[in-house]
Amino acid sequence: MPDLPASYFAAFSIAKALARFDISIDDIATKHLVNDSRYVEPGDIFAAVIGTFSEGSSYITSAVAKGASLVIAQCEHNDEHGTVYKVTEQGNNATVINFFELNKQLSLLSAYYYNEPYKDMDLIGVTGTNGKTSCCQLLAQLFTKNNHKSAIVGTLGAGTLDNLEIINNTTPGPTKLQQLLAQFSYADIENVAMEVSSHALSQHRVDANMVDIAVFTNLSRDHLDYHGDMATYADVKKQLFLGTSEQVWVLNADDQFCQSWLSQLPSENRRVMYSVNEINKPLLENDEYLLATNIVCHNRGVSFKLTSSWGNCAINSALLGEFNVANLLAAMAVLLIKGIALTDIAKCTEHLVPVTGRMETYGAEGKATAVVDYAHTPDGLEKALESAKAHCQGELWVVFGCGGDRDKGKRPMMGSIAERFADHIVLTNDNPRSEEPAQITADIKLGIKEVNKVDVIIDRQQAVISALSRAKTNDMVLCAGKGHEDYLIIGDETIAYHEREVVRQFYQGRAKS
């Protein structure tokens, strides 16, 4: 997306934004508001928050040296709020303002500074353990095919489908997010589909009151190294659905956590339920809904019968797996809420393309089919294997590992899941970080009883090539965990590794085992 012109910032000021928090300051010519000192440019405002792992005040000197004209620094006591002082560093002068609980208010302050851009579009927040990226990508495709200008913010980047800017986090920090929304507003974007991670909600990067449509995909074990337990993790996710009474919800009736939320969430909000399991139909009857039945997986994708509050029809898609049917229902629900006709949506589903690194298939004549997927949680791996099994005509292989310095409890769980679905298991690296790769694979093997079906090949590229080389024509090889990523983190080093390219080159005959 193009950056905002200088004239955009002349229309309002940081003084006006701070005045909303009863902080008075003379107007200062500024550019962008940023909360990462590495990206400060001359004239920017640096927001120094007290973060989870570090304090922004440690970076004030660096930010001023880079030319920050103003620093808003989080203070720990309310009586310091609004205190103004000066800092000089390497010839650059900056005004510093103390701001109480800046970490909690930065999202709102950023919105005020960028002239509340979220009001110029429909902001669709998608949260859940798995499916966020797929839902956002499917939403962008469906909106585009129905002539509605749309953008996405998430794992694969930020911007329109044909012009994505790489961002550092699934959900960017509050200053970057509002900057992006301002760019979208300037480009007349109508809809923004945004992945909302649990970290983003916990760290107040996103204000639920700004989200027009909140989508819930599912909840399963992940990030317990950060949240501690599932109850806390679930409560954090639920925060997205505590916006204004005008906020509309799209909820997965098949998820147990969602079922428990139905009686806890406010009753006045409009909600649309979706399901791929007819047994949960009673949960749908009191609300608007979409229900997929007669789901058939075939070598061209998947088809199903849709029953909904907007009518019934047959749906055909090139997407793989039942879990992608759920993702598609969630995306379709958003478009229906927006008033787009079901018949128009149904026509577009036939032309959807698989999301990058999400059940993305590769193959060649006489070779096994490879599927590259980002599944890196127990539930994600189970759904990917279950889907691959439904499409596989021969034996099913899986190549995967687990991340180091993360939740160790999920490792044997993922081993058990792999054993339940796959005929052959190849354990390998997946961002071991500071841990010994052999210890991680040993932890995974604790969940596997039939160790004779397991090979351990630590080098990830060799593991993938080995599985593809040994698999027979009708077999399927699921390469799980890396998806769209183009790196491996081993120790303190980030190494270039592009699994999709490894697979592609194998089929082109250039990869050597």
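Setting aside neighbours within four places in sequence, N191 is in contact with D122, I124, F143, H148, K149, S150, A151 and K338. This is a predicted model, and this briefing starts at that residue before turning to helix α17 and a six-stranded open sheet.

**Around N191**
- N191 belongs to strand β10, which covers residues 191-195.
- With a relative accessible area of 1%, N191 is buried, because that value is under the 20% cut-off.
- One of the contacts of N191 is with K338, and here the two side chains are joined by a polar contact of 2.8 Å.

**Helix α17**
- Helix α17 spans residues 460-470, and its buried residues are R460, A463, V464, I465, S466, A467 and L468.
- These buried residues pack against strands β18 (369-373), β19 (396-400), β20 (424-427), β22 (476-480) and β23 (487-490), and also against helix α18 (499-507).
- Where α17 starts, D459 has a side-chain oxygen that comes to within 3.2 Å of the backbone nitrogen of Q461.

**The six-stranded sheet**
- Strands pair through backbone hydrogen bonds, in either a parallel or an antiparallel way.
- Read across, the open sheet runs β17-β18-β22-β19-β20-β21, and its pairing is mixed.
- The edges are held by β17 (360-362) and β21 (454-456); each has a single partner strand, so one side of each has no neighbour in the sheet.
- On average, neighbouring strands of this sheet are turned by 20° against each other, ignoring direction.
- β17 and β18 run antiparallel and are joined by three bridges.
- T361 stands opposite V371 of β18.

Conventions:
Residues are numbered from 1 along each chain as its sequence is written. This is a predicted model: local features need pLDDT of at least 70, side-chain atom pairs count only at pLDDT 80 or more; totals for chains, interfaces and linings use all residues. Side-chain values use heavy atoms; hydrogens and water are left out. Helices (H or I, at least four residues) and strands (E, at least two) are DSSP runs, numbered from the N terminus. Buried means under 20% relative accessible area, exposed over 50%, partly exposed in between (1.4 Å probe, protein chains only). A polar contact is a pair of N or O atoms within 3.5 Å; within protein, one must be able to donate a hydrogen and the other to accept it, and residues adjacent in sequence count only if both atoms are side-chain atoms. Contact means heavy atoms within 4.5 Å. Two strands pair if DSSP finds at least two bridges between them. Axes are lines fitted to C-alpha atoms, for helices over the stretch in contact, and angles run from 0 to 180 degrees between N-to-C directions.
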